[in-house]
Amino acid sequence: MLIGAGISAESGVPTFRDAGGLWEGHAVDDVASPDGFERDPDTVLRFYDARRRALASVEPNAAHRALAQLETERGDDLLVVTQNVDDLHERAGSRNLVHMHGELARARCTACEARPAWSADLLDRPPCPVCGERMLRPDVVWFGEMPYGLDRIEQAVVACDVFVSVGTSGQVYPAAGYAALAAAFEARTVELNLESSEGLVPFDDARTGPATVLVPAWVDEVLSTS
Ligand code: NAD
Ligand code: APR
């Protein structure tokens with residue numbers, strides 16, 4: 001499963017490219033690029049501190065819960081690859097999970113590369129719990145940086161029988177290329193999204209609607225037909 005911001009929209013987490021999305025209020029290069037961080041670190045740290053704080057007032061929704069239920073029933077057959085930096089999948093109970101764009105709930109030390117669990121603000125430059133340097137940044141993958149877990153993800157994509165894309169506009173690579181890769185390796189491809197992402201490769205099955213409706217329905221289908 002490849003997940004995007006759409007799955008958390010109904011929990012109250014804004015998406016990026018929809019009307020009212022995060023990229024409407026912020027210049028991407030200012031808050032999601034290494035150059036932006038170098039130019040104005042306080043603005044970047046404030047942006048992610050606000051997003052981390054906002055996690056305290058949102059809850060997983062029926063779509064996150066359905067995927068956790070599927071993992072409970074199917075175990076390692078399901079890998080959830082999320083582009084989201086929120087922690088709603090793990091709070092719903094998913095464990096077989098890759099955060100390819102990082103996590104708000106971690107910091108990364110640019111001095112020693114430790115990635116400690118993190119819940120406080122970073123703006124006041126707290127020390128790294130491992131090396132003591134005050135060089136922490138959000139553990140979020142910015143444009144131009146290498147996403148996490150690519151080897152594991154690509155192995156799963158080429159080996160899967162069914163590839164499902166949920167709530168992503170399919171505009172950011174490498175994630176945007178995974179459906180085509182899965183199809184090239186004979187997987188059935190399914191899209192569950194509010195509106196069709198109309199990617200380069202058409203999905204075998206494209207369903208449009210809210211994630212809290214489509215994902216539980218798809219999980220019910222899988223669990224009742226096999
Ligand atoms: P990208 O999404 O194409 O790639 C992200 C990072 O992953 C890059 O560092 C890339 O080297 C790496 N990568 C890609 N495929 C890989 C693979 N198979 N194995 C290992 N690493 C891999 O991001 P980008 O290259 O920074 O930007 C692509 C385009 O998106 C640019 O044209 C840029 O202007 C645009 N952009 C759009 C937005 C937006 O939100 N609309 C924001 C920033 C940039
Ligand atoms: N249910 C299902 N899908 C929804 C819902 C909903 N309730 N609300 C919105 N969507 C869909 C939109 O139609 C859109 O296709 O979710 C998608 C969100 O797309 P984006 O905002 O582009 O988010 P995403 O694809 O996750 O972005 C990818 O871009 O900026 C980077 O690093 C950031 O991880 C992010 C990446």
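These notebook entries record what I looked up in a predicted model of one protein chain with its ligands.

**Entry 1. Overall form**

I began with the dimensions of the chain. Along the principal axes, the C-alpha atoms of the protein chain fill a box of roughly 55 × 35 × 30 Å. I then asked whether the radius of gyration suits a compact globule or an extended chain. The protein chain has 18 Å, and a compact globule of 226 residues would have a value near 17 Å, so the two agree.

I counted 10 helices and 8 strands in the protein chain. Of its 226 residues, 38% are buried. Among contacts with a separation of 6 or more, 58% join residues 24 or more positions apart.

The UniProt record, an unreviewed entry, places "domain: Deacetylase sirtuin-type" at residues 1–225. I found that span to be 36% helix and 16% strand, with its end C-alpha atoms 18 Å apart.

**Entry 2. Nonpolar cores**

I looked next at the interior. The largest nonpolar core has 34 residues, and M1, L67, V81, F163, V166 and V215 have the most contacts inside it. I noted which elements supply at least two residues each to this core: the strands are β1 (2–3), β2 (80–82) and β6 (162–166), and the helices are α6 (62–74), α7 (88–92), α8 (150–159), α9 (178–184) and α10 (211–225). Another core, of 10 residues, lies apart from it and includes Y48, V85, L104 and V140.

For F163, I listed the contacts beyond four places in sequence: V157, Y178, A179, A182, A187 and T189.

I also examined E71, which is found in helix α6. E71 counts as buried because it has 22 C-beta neighbours inside 10 Å. Its contacts beyond four places in sequence are L78, S94, R95 and N96. For the pair E71 and N96, I recorded a sequence separation of 25 residues and a C-alpha to C-alpha distance of 7.6 Å.

**Entry 3. H101**

UniProt, in an unreviewed entry, places an "active site" at H101. I located H101 in the loop between β3 (97–99) and β4 (102–109). Is H101 buried or exposed? H101 has 20 C-beta neighbours inside 10 Å and therefore counts as buried; the cut-off for burial is 20 or more. Beyond four places in sequence, H101 touches Q83, V85, V140, V141 and P147. Two of these contacts, V85 and V140, are among the residues of the 10-residue core.

**Entry 4. The four cysteines**

An unreviewed UniProt entry lists C109, C112, C128 and C131 under "binding site". I checked their spacing: they are spread over 23 residues of sequence but cluster in space, with a largest C-alpha distance of 8.7 Å.

C109 is found in strand β4, and C128 in the loop between β4 and β5. C109 is buried because 21 other C-beta atoms lie within 10 Å. C128, with 19 C-beta neighbours inside 10 Å, therefore counts as partly exposed. Setting aside residues up to four places away, C109 touches A114, C128, V130, C131, E133, M135 and L136. C128 is in contact with C109, A111, C112, A114, E133, M135 and L136 on the same basis.

**Entry 5. Ligand surroundings**

I took ligand 1 first. The residues around it are W23, V28, F143, G144, E145, M146, P147, L150, V172, Y173 and P174. By class, this shell divides into 9 nonpolar, 1 polar and 1 charged.

Ligand 2 is surrounded by 23 residues, the closest being G4, G6, T15, S169 and L194. I found 7 nonpolar, 12 polar and 4 charged residues in that shell.

**Entry 6. Backbone exceptions**

Most residues other than glycine have a negative phi, and most peptide bonds are trans. I therefore noted the exceptions below.

A cis peptide bond joins Y173 and P174, with omega about 5 degrees. P174 lies in the loop between β6 and α9, and both Y173 and P174 are in the shell of ligand 1.

E113 has a positive phi of about 70 degrees and is found in the loop between β4 and β5 (136–140). E113 is exposed because 10 other C-beta atoms lie within 10 Å.

E186 has a positive phi near 75 degrees and sits in the loop between α9 and β7 (188–193). With 9 C-beta neighbours inside 10 Å, E186 therefore counts as exposed.

Terms used. Residues are numbered from 1 along each chain as its sequence is written. Chains are lettered from A and ligands numbered from 1 in the order in which they are written. This is a predicted model: local features need pLDDT of at least 70, side-chain atom pairs count only at pLDDT 80 or more; totals for chains, interfaces and linings use all residues. A residue is near a molecule or strand if its C-beta atom, placed from the backbone, lies within 6 Å of it. Ala, Val, Leu, Ile, Met, Phe, Trp, Tyr, Cys and Pro count as nonpolar, Asp, Glu, Lys and Arg as charged, and the others, Gly among them, as polar. A nonpolar core is a set of buried Ala, Val, Leu, Ile, Met, Phe, Trp, Tyr and Cys residues joined through C-beta atoms within 7 Å. A residue is buried if 20 or more other C-beta atoms lie within 10 Å of its own, exposed if 12 or fewer, and partly exposed in between; C-beta atoms are placed from the backbone. Helices (H or I, at least four residues) and strands (E, at least two) are DSSP runs, numbered from the N terminus. Two residues are in contact if their C-beta atoms, placed from the backbone, lie within 7 Å. The radius of gyration is taken over C-alpha atoms; the globule rule is 2.2 Å times the number of residues to the power 0.38. UniProt positions are given in the numbering used here, feature names are shortened, and annotations may be inferred rather than shown by experiment.
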